[in-house]
Amino acid sequence: MDTILNTHIVVVGNGMVGYKFCEKLLAKRKSEGEFVITVFGEEPRSAYDRVHLSEYFAGKSADDLSLAPLEWYAENGIRLFLSDPVVDIDRDEKLVRSHHGHVVHYDYLVLATGSGAFVPSVPGVEKDGVFVYRTIEDLELILSYARKAKRGAVLGGGLLGLEAAKALLDLGLEEAHVVEFAPRLMPRQIDEPGSRMLQSQLEALGLKIHLSKSTQEIIGEDCIKGLQFADNTFLDVDMLVISAGIRPRDELAKIAGLETHPRGGIVVDNQLRTSDPSIFAIGECALAHHMIYGLIAPGYEMADVVVTMLTGGEKEFHPFDMSTKLKLIGTDVASFGDAFIEEPACKTIRYENKAKGVYKRINVSPDGKTLLGGILVGDADQYNMLLQTCKSKTILPPDSEDLILGSRGGEDSGAGVMSFPDDALICSCEAVTKGMICHEVSDKGCHTMDAVKKSCKAGSGCGGCVPMVKDIIAGVMKQNGVYVRNVVCEHFDHSRQELLDLVKMNGLKTYGSVLDHFGKGDGCEVCKPLVASVLASLWNENILAKDRATIQDSNDRYLANIQKGGTYSVVPRIPGGEITPEKLIVIGQVAQKYGLYTKITGGQRIDMFGAHLNDLPQIWEELIHAGFESGHAYGKSLRTVKSCVGSTWCRFGVQDSVTFAIEVEDRYKGLRSPHKLKSAVSGCVRECAEAQSKDFGIIATEKGWNLYVCGNGGSKPQHAQLLATDVDKETCIRLIDRFLMFYIRTADPLTRTATWLNKMEGGMSYLKAVVVDDVLGIAEELERDIQDLIDVYQCEWKEVVESPELRKRFSHFVNVPMKDPSVAFETMRDQKRVKEWA
Amino acid sequence: MACHVDDIPTDGGGCALIEGKQIAIFNFARRGEWYATDNQCPHRQQMAVSRGMIGSQDGEAKVACPFHKKTFSLQSGQCLNDDAYKINTFPVMVKENMVYIGL
Ligand code: SRM
Ligand SMILES: Cc1cc2nc3c(=O)[nH]c(=O)nc-3n(C[C@H](O)[C@H](O)[C@H](O)COP(=O)(O)OP(=O)(O)OC[C@H]3O[C@@H](n4cnc5c(N)ncnc54)[C@H](O)[C@@H]3O)c2cc1C
Ligand code: SF4
Ligand code: FES
C-alpha cells in the first residue's frame with residue numbers, strides 16, 4: 001500500500017483495541033503529517049482497561065483504569081469525540097456522520113466498535129435490578145444497587161460470569177448465585193474434570209452454583225424478585241447480572257451495507273478488510289477466520305496488522321491462540337494451546353488433588369517431545385512457563401510430568417525463563433519477546449517492572465506475564481553481575497538492612513537524626529514507619545516518645561487499629577488464649593461502659609471495636625488496672641502465640657503446650673520487626689494450634705519439641721518448615737532468639753518471614769546453617785541483641801496512661817474536649833457497629 | 001484563632017473545630033512551615049487527614065490519609081496518587097504562639 005501525506009483515518013470506537021490502534025499508528029508512522037486521525041467514542045470517557053474492570057469494585061478509580069489521559073490525544077493531534085457515536089457511513093462520499101452531527105471525511109475507516117453484552121430474550125429482562133457487565137457505567141449502577149440488595153445471581157457460568165459472581169460476593173452480598181444453562185462451568189475453556197474441580201473451589205468460596213438451568217422468566221413487579229426456571233424451580237434473588245455471552249456491535253456496519261454474519265460480527269479477510277476495501281474492522285466486532293475473538297491479545301494483534309499495512313508493511317492476521325488465564329475469581333483457572341485434544345493424537349497426563357482443589361492436565365505430542373496444550377485449575381503458577389513451552393515448541397525433558405508436578409529437586413523458578421530462546425513470546429498482548437526484554441534490561445538500563453512496562457510495554461496489557469518479566473529482569477541483572485539494591489524511597493538511598501546497620505553503628509534514636517545523617521528532604525509515609533520500625537527493633541524505647549509519634553503509621557501512632565469511621569479497636573494480650581473468669585468480667589465491663597462491639601478473634605483473644613480516640617487512654621487505664629497489657633494488634637510486632645489445651649486436659653497431649661505458649665508470648669511480646677509475627681504451640685502431632693501456619697511454630701513430641709519456621713496464613717498460605725527436631729525448651733528458645741533477630745536484621749520492610757525465606761539465596765538450608773550451625777559466627781551476638789530488647793520491654797500503653805504529655809495526644813480535636821461528632825453507629829445483632837461508609 | 005502551637009505535634013497534625021468545621025492543622029517543623037486543610041478525606045469521607053503522616057514528594061509538602069494512603073499536596077490540596085480527589089487548603093498564620101486559620 002502506498003503512503004500519501006495527510007491520509008485521513010477515522011476510528012469508530014474508543015475501546016481497548018481502538019486505542020491500541022492509535023497508539024501503534026503513532027509509533028509506526030514515518031512523519032507527523034502522514035496521518036490525520038479522528039476518533040469517535042460512544043462512551044463518556046476515553047479508552048480504559050476493560051480487562052481489569054472488576055478492580056473498579058476493589059477501589060480502582062476510572063483514572064486508574066484509563067489507558068491514556070485526554071491530554072495524550074491532544075498532544076498527538078488526535079481529534080477525539082466522546083459521547084458521540086457514529087450513526088451513519090456514506091461509503092460513496094467516504095464520510096461518517098456522528099450523533100451530534102459531526103461529518104468527517106476518511107480515506108480509511110477503522111471500525112473498532114467492540115461488542116455488547118448478549119441479553120437473551122427472557123421475559124422480564126427490563127426490570128430494575130437486572131444488569132449487564134461491560135462498562136464503568138454498568139459497574140456504577142451495580143455498585144449502587146448492591147448496597148440495598150442481599151441476594152444476587154449471575155446468568156452465565158463462563159469466563160466473565162464467574163468474574164462477575166465473585167465481584168458480587170466481594171461487594172458484600174449475602175448470597176451470590178451462578179446460573180448456567182450447560183451441565184458444567186466454562187465448557188469452552190476447560191474439560192469436565194476441570195469444571196468439577198472449579199465448581200467445588202468456587203462453592204468453597206461461597207458461590208452457589210446451579211447447572212443445567214434454563215431461565216424462563218424474571219419475576220417481580222418493577223424490581224426483580226427471582227428467577228423462574230423451566231424445571232419448575234425458583235430462585236429468590238433481588239439482583240441479576242446477565243453475562244450470557246457477547247454480541248459484536250455490527251449495527252453500524254449493517255446500516256452501511258457491509259457484509260455481516262447472521263450470528264453477528266463484521267466479516268473481514270486475513271487483512272481485516274471488510275467487504276469495502278477502504279474499511280477495516282478490528283477487535284471484538286470483527287469476524288475473522290469464522291470466529292469472534294473475545295480476548296484482548298488477538299484484538300491488539302489485529303490493530304497491529306492494520307497499522308502495518310497502512311504504514312506500508314505487509315502482515316496478515318492468522319488464527320490466534322486463545323490461551324487464557326482467569327483472574328479475580330478467587331481460584332486459578334487457565335487453559336492453553338490445544339486443551340481438548342484426545343489420545344491417540346496426543347499423550348495426556350492428568351494430576352488431580354481433591355484435598356487441595358488442584359486439577360492439571362497436559363497434552364504432550366505422541367513422541368513425547370513437545371507440549372500441545374493443557375488445563376490448570378486451582379494452581380496456575382506454571383501457566384506462563386507452560387504456555388511458552390507450548391508456543392516455542394521447546395523440546396521437553398524425558399519426564400514430562402515434571403512440567404506440572406514440578407521437579408522434586410527444588411530448582412529455582414527463575415532459571416526456567418532464562419532457559420527460553422530469545423524469540424519466545426513473553427507478553428502476548430504487546431507481542432514482546434524474551435530477547436526484547438533482555439535488551440531493555442541490559443542495554444537500556446530498565447531495572448524495574450515499571451521501567452520495562454514504560455519502555456517496551458511488556459506487562460502493560462492483561463498483566464499475566466508480569467511474574468515472568470520480573471524473573472527475566474532479575475535473571476539478566478544477575479547475569480550481568482548487577483547488585484540489586486532495594487532502596488527505601490526518594491528520601492533514603494539505602495536498603496532497610498543498610499539503614500539498620502548505619503543507625504545501629506551511629507546510635508541514632510530519633511527520626512530527625514536519621515534523616516539528617518543518611519537521608520534527604522522531609523521524609524514521607526514510606527520511610528517514616530520504616531525508620532520507626534528500625535528504631536524500635538534496635539532500642540525498644542517507647543514508640544511514641546521523642547519525635548517518634550508522628551513517624552508511626554496511624555495504627556502505631558494511636559496504639560490501636562484505626563477502623564471505619566475513624567474509631568479504634570482495643571485488643572489486650574491474652575497469652576496462650578488462657579484467661580481467668582475475673583479478667584473476662586473486666587473485659588465485659590469495659591466494653592459495656594464504653595459501648596464497644598466485642599468479638600473473639602482468630603488469634604484466641606478478644607477484640608473490642610468502635611472506641612473513640614478520646615476514650616482510648618481511659619479504657620486502657622481500666623484494663624491495665626485489672627492486669628492486662630497491650631496486645632500489639634496494631635504493631636508490626638508479636639501478635640499472639642496460639643496454643644491448644646495440651647497435656648493439661650487433652651488425652652493425646654504429650655507436653656504442656658499452654659505453659660510453653662505463655663512463656664514464648666511473654667518473652668517476645670512488644671518485639672518490633674519488619675512485619676507482624678505470629679506463633680503457636682501444639683501439644684501433639686494433631687496440631688490443633690496450627691503451628692505450621694505461623695512465623696514460628698512449636699509442636700510437642702515424646703522427646704521434646706519440634707521447631708518450624710517461616711509459615712504464613714493470609715492470602716498466600718505457606719507451610720512452615722522444620723528447623724530443629726526433639727529439642728528441649730531452652731534450645732528451642734535459643735534457636736527462636738537467633739531466628740527472630742536474624743529476620744529483624746535482614747528482612748525487607750513489610751516482608752513476612754515466609755516471603756523473606758522465599759527470597760533468601762540458599763533457602764532453608766542456608767537459614768539452618770546460620771541459625772542452627774552458626775556458620776556466620778553471629779549466633780552469640782544475635783542472642784545478646786534480642787536479650788537486650790527483652791530486658792527493656794515495657795507495656796507501651798501503661799507508659800501512655802501514666803504520662804499526661806502522651807495522653808494529651810489522644811484527642812480528636814485539639815481545641816475542644818469533644819469526641820468526633822461525625823462518627824455514627826447502628827445496631828447489629830444486639831451490638832453497636834459503626835455506620836457503613838459511602 | 002484555632003489553637004496554641006503546642007497543641008499540634010512537631011512534624012505532625014491535629015484537628016481543630018472551627019466554626020463547626022473540622023480543620024486539619026500541620027506543623028511542618030522540619031521546613032518551618034504550617035498548613036491547614038480539610039480534615040475529611042474525599043476518598044471514603046473519613047475524618048482523619050489530621051492523623052496522617054506528612055512528608056514531601058519532589059519537594060512538594062504532602063500528607064497521607066491513614067486509611068488508604070491517598071496522599072494530598074499540602075500546598076494545593078491536589079491528591080498526588082489519584083487525580084480524582086482534592087481537598088481544600090486554608091491559609092495559616094502563627095502569631096505569639098497562637099495558630100490562626102483563614103477559612
Ligand atoms: C481481629 C482479627 C480477625 C478476627 O476477628 O478474628 C484480625 C483483624 C485484622 N487483621 Fe488479621 N486478624 C486476625 C487474625 C488473622 C489471622 C489468623 C491468625 O492469626 O491465626 C491471619 C492469617 C495468619 C497469618 O497472618 O499468617 C490474619 C491475616 C492478616 C493479614 C495478612 C497477612 C499476610 O501475611 O498475608 C493482614 C494484612 C497485613 O498484616 O498486612 C491482616 C490485617 C488485619 C487488620 C489489622 C487490618 C487492619 O489494619 O485494620 C485487622 C484489624 C482488626 C482490628 O481492628 O483489630 N490480617 N489475620 C484477628 C485478630 C487476631 C488477634 O487476636 O490478634
Ligand atoms: C469484565 C470483563 C473482563 C474481561 N477480562 C478479559 C481477560 O481477562 N482477558 C482478555 O483477553 N479479555 C478480557 N475481556 C475482553 C476484553 O475486554 C475485550 O476483548 C476488549 O475490550 C475488546 O476491545 P474492543 O476495542 O474490540 O472493544 P471495546 O473495548 O468494547 O470497545 C468498543 C468501543 O466502541 C464503542 N462503540 C460502539 N459502537 C460505536 C459507534 N457506532 N460509534 C462510536 N463508538 C462506538 C463502544 O461504546 C466501546 O467503547 C474482558 C471483558 C470484560 C467486560
Ligand atoms: S480477613 Fe482480616 S483483614 Fe480481612 S476483613 Fe477479615 S479481619 Fe479484616
Ligand atoms: S479514606 Fe482517605 S484514603 Fe481512603
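**Figure 1. K819(A) touches H612(A), N614(A), D615(A) and F813(A), once residues up to four places away in sequence are left out.** Contact here means heavy atoms within 4.5 Å. What you're looking at is a predicted model, where local features need pLDDT of at least 70, side-chain atom pairs count only at pLDDT 80 or more, and totals for chains, interfaces and linings use all residues. Residues are numbered from 1 along each chain as its sequence is written, chains are lettered from A and ligands numbered from 1 in the order in which they are written, and side-chain values use heavy atoms, with hydrogens and water left out.

K819(A) sits in the loop between α27 (804-807) and β38 (825-828) of chain A. Helices (H or I, at least four residues) and strands (E, at least two) are DSSP runs, numbered from the N terminus. The C-alpha atoms of K819(A) and N614(A) are 6.2 Å apart, although their places lie 205 residues apart along the chain. With D615(A), K819(A) makes a side-chain polar contact of 3.1 Å. (A polar contact is a pair of N or O atoms within 3.5 Å; within protein, one must be able to donate a hydrogen and the other to accept it, and residues adjacent in sequence count only if both atoms are side-chain atoms.) K819(A) counts as partly exposed because its relative accessibility is 37%. For that scale, buried is under 20% relative accessible area, exposed is over 50%, and partly exposed is in between (1.4 Å probe, protein chains only).

**Figure 2. K20(A) is a lysine in helix α1 (residues 16-28) of chain A.** Buried or exposed? K20(A) counts as buried, because its relative accessibility is 3%. Skipping neighbours within four places in sequence, its contacts are Y300(A), A303(A), E430(A) and K457(A). Zooming out, chain A has 838 residues, and 54% of them are buried. Its secondary structure comes to 27 helices and 39 strands. Take the contacts in chain A between residues at least 6 apart in sequence: 62% of them join residues at least 24 apart.

**Figure 3. Ligand 1 has 22 residues around it, and Q563(A), G602(A), D607(A), K676(A) and G713(A) come nearest.** A residue makes the list if one of its heavy atoms lies within 4 Å of the ligand. The shell divides into one nonpolar, 13 polar and eight charged residues. (Ala, Val, Leu, Ile, Met, Phe, Trp, Tyr, Cys and Pro count as nonpolar, Asp, Glu, Lys and Arg as charged, and the others, Gly among them, as polar.) Which side chains have an N or O atom by a ligand oxygen? T601(A) has one at 2.7 Å, and K678(A) has one at 2.9 Å. A polar side-chain atom of N712(A) also lies 2.9 Å from an oxygen of ligand 1. As for elements, β32 (606-611) and β33 (638-643) of chain A are the ones that give two or more residues to the shell.

**Figure 4. Chain A and chain B meet through 42 residues from chain A and 44 residues from chain B.** Together they bury about 3200 Å², with 47% of it on carbon and sulfur atoms. Buried area is the accessible area (1.4 Å probe) that two parts lose on being put together, summed over both. The interface holds five salt bridges, each a side-chain nitrogen of Lys or Arg within 4 Å of a carboxyl oxygen of Asp or Glu. One of them pairs K62(B) with E525(A), with the closest N and O atoms 3.1 Å apart. There are also 24 residue pairs in polar contact across the interface (both at pLDDT 80 or more). On the chain A side, the elements giving two or more residues are α2 (62-65), α16 (511-518), α17 (527-539) and α18 (554-557). Of these, α16(A) gives the most, with three residues. The chain A side that touches chain B splits into 15 nonpolar, 14 polar and 13 charged residues.

**Figure 5. The whole structure has 55 salt bridges over all chains, and here are a few from chain A.** E43(A) and R50(A) pair up at 3.0 Å (N to O), and both are buried. E126(A) and K127(A) pair at 4.0 Å. E126(A) is exposed at 62% relative accessible area, whereas K127(A) is buried at 14%. R738(A) and E783(A) meet at 2.7 Å. R738(A) belongs to helix α22 (residues 729-746) and E783(A) to helix α25 (residues 779-791), so the pair ties together parts 45 residues apart in sequence. R738(A) is buried at 12% relative accessibility, while E783(A) is partly exposed at 21%. Then there's a network: salt bridges that share partners link K24(A), K28(A), E301(A), D304(A) and K315(A).

Terms used:
Nonpolar A, V, L, I, M, F, W, Y, C, P; charged D, E, K, R; others polar.
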